[in-house]
Amino acid sequence: MAKKDTVAIYMRLSQEDGGQEAESNSIANQRKLLCAYAAKHFPGCPLLEFKDDGYSGANMDRPGISELLHWVRDGQVGCILVKDFSRFSRDYIEIGSYLEQIFPFAGVRFIAVEDGYDSAYGSGNAAGLGISFQNLMNDLYCKDISIKVKSSLAAKKERGIYANGNCAFGYRKDPKDRHTLLVDEEEAAIVKRIFGMAKRGKPSLEIARQLNAEGIKTPMERRVRRGTSSIMPKNGSFAWSASTICRMLGNASYVGDFVYGKYETPEISGKAKLKPKSEWKVYKNHHQPIIDRDTFARVQKGRRKKSPGKNKRHPLVGKMECGRCHKSLQMEHTKNPYFYCGNRYAE
């Protein structure tokens, strides 16, 4: 084996791996297979375990694989064991780069047990025609699943079925029917108060500052406490911001409308892009409203409108953060553009 004697086993299971193959692809089954292989072929070698349960193989944005690759970069792994190529990745280009460039350069041996692949017995750095074809089929399978899932969700939304993962602050999903939205009275009271302050002409920044001063929990903090989210702020503390208030004031969910088709993803695993508002789809009177339409319309008229397409996105937007609160800096498009923290006056 390579200069390092540590063997890493990697396991992955996504929500897409259902049907008859669910049992064979389970984490427990993969662990049993890989541990048995390691015990037979690498007796006495230290064994590390990495797993991603509930993650798609369409991209490498997974905590388990990220930790594994961190060990590889530090030179602490000599061999990687997986059940088959699709467990590691379903991206044909991505897995080809690792097999032919990254792992050989790092001196890491790669074994896909059920695919019969072992890089130690490969021809040079090439994965071979059969392996390349197998990886291509995995990639095509992933794309096919993605298209089917998107089509299914789009068909549900066209029929007025709420098929989004999360719902707006002020609502919660019916425990008996996850496609039905119910009003959360405690959160709805906060929503009404925010719209009331905005209707009286109070700026979003002042609204955020007042809510923070009163210690009112933010939408994300409430989700974390309920166990429906695990996202934590960069600085470790939750706070209302002007951008959060602005998003709420422009959310048509509060008048009972279901807005969908706002984003498009040009490529499989690509980044979703916001479509022009004229292309959004709206299902009117979909659920119980929290705000009446007259109040919502008056608030929209009082909000500052930005001219679409006037300013191009600066390459540093989203990459710079405040040194104090660690939130992403926003850009002011003036004669002399500058970055600023949108949370600077919120506390």
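**A five-stranded sheet and its packed helices**

Biologist: In this predicted model, which residue of strand 2 is the bridge partner of Y10?

Modeller: In this predicted model, the bridge partner of Y10 in strand 2 is F50. Strand 1 (residues 7-13) and strand 2 (47-53) run parallel and are joined by seven bridges. Within that pairing, the residue that partners Y10 is F50.

Biologist: What is the strand order of the sheet, and which strands stand at its edges?

Modeller: The sheet is open, has five strands with mixed pairing, and follows the order 2-1-3-4-5. Strand 2 and strand 5 (117-118) each have a single partner strand, so one side of each is left without a neighbour in the sheet. The strands at the edges are therefore strand 2 and strand 5.

Biologist: Which strands does helix 2 lie across, and at what angle does it run to strand 2?

Modeller: Helix 2, comprising residues 63-73, lies across strand 1, strand 2 and strand 3. Its direction relative to strand 2 is about 150°.

Biologist: Are the residues on the two faces of strand 3 buried or exposed?

Modeller: In a regular strand the side chains alternate between the two faces of the sheet. In strand 3 (residues 79-82), C79 and L81 lie on one side, with I80 and V82 on the other. Both faces are covered, and these four residues are all buried.

Biologist: How many bridges pair strand 3 with strand 4, and which residue of strand 4 stands opposite C79?

Modeller: Strand 3 pairs with strand 4 (residues 109-112) in the parallel sense, over four bridges. In strand 4, the residue standing opposite C79 is R109.

Biologist: Does R109 count as buried or exposed, and which side chain does it join in a polar contact?

Modeller: R109, which is found in strand 4, has a relative accessibility of 16%. Because buried means under 20% relative accessible area, R109 counts as buried. Its side chain is joined by a polar contact of 2.5 Å to that of D118.

Biologist: What is the crossing angle of helix 6 and helix 10, and how is their relation classed?

Modeller: Two packed helices are described by the angle between their axes and the distance between the axes. The axes of helix 6 (residues 185-199) and helix 10 (residues 293-302) come within 9 Å and cross at roughly 50°. That angle makes helix 6 oblique to helix 10.

Biologist: Which residues of helix 10 make the contact with helix 6?

Modeller: Helix 6 passes helix 10 in a left-handed crossing. From helix 6 the contact involves F195, A198 and K199, and from helix 10 T295, F296, R298 and V299.

Methods
Residues numbered from 1 in each chain as written. Predicted model: local features only at pLDDT ≥ 70, side-chain atom pairs only at ≥ 80, totals over all residues. Heavy atoms only, no water. Buried < 20%, exposed > 50% of the residue type's maximum accessible area, 1.4 Å probe, protein only. Pairing = 2+ DSSP bridges. Contact = heavy atoms within 4.5 Å. Axes fitted to C-alpha atoms, helices over the stretch in contact; angles between N-to-C directions. Polar contact = N/O pair within 3.5 Å; in protein donor to acceptor, adjacent residues only side chain to side chain. Parallel < 35°, antiparallel > 145°, perpendicular 65-115°, else oblique. Left-handed = near helix turned anticlockwise from the far one by under 90°.
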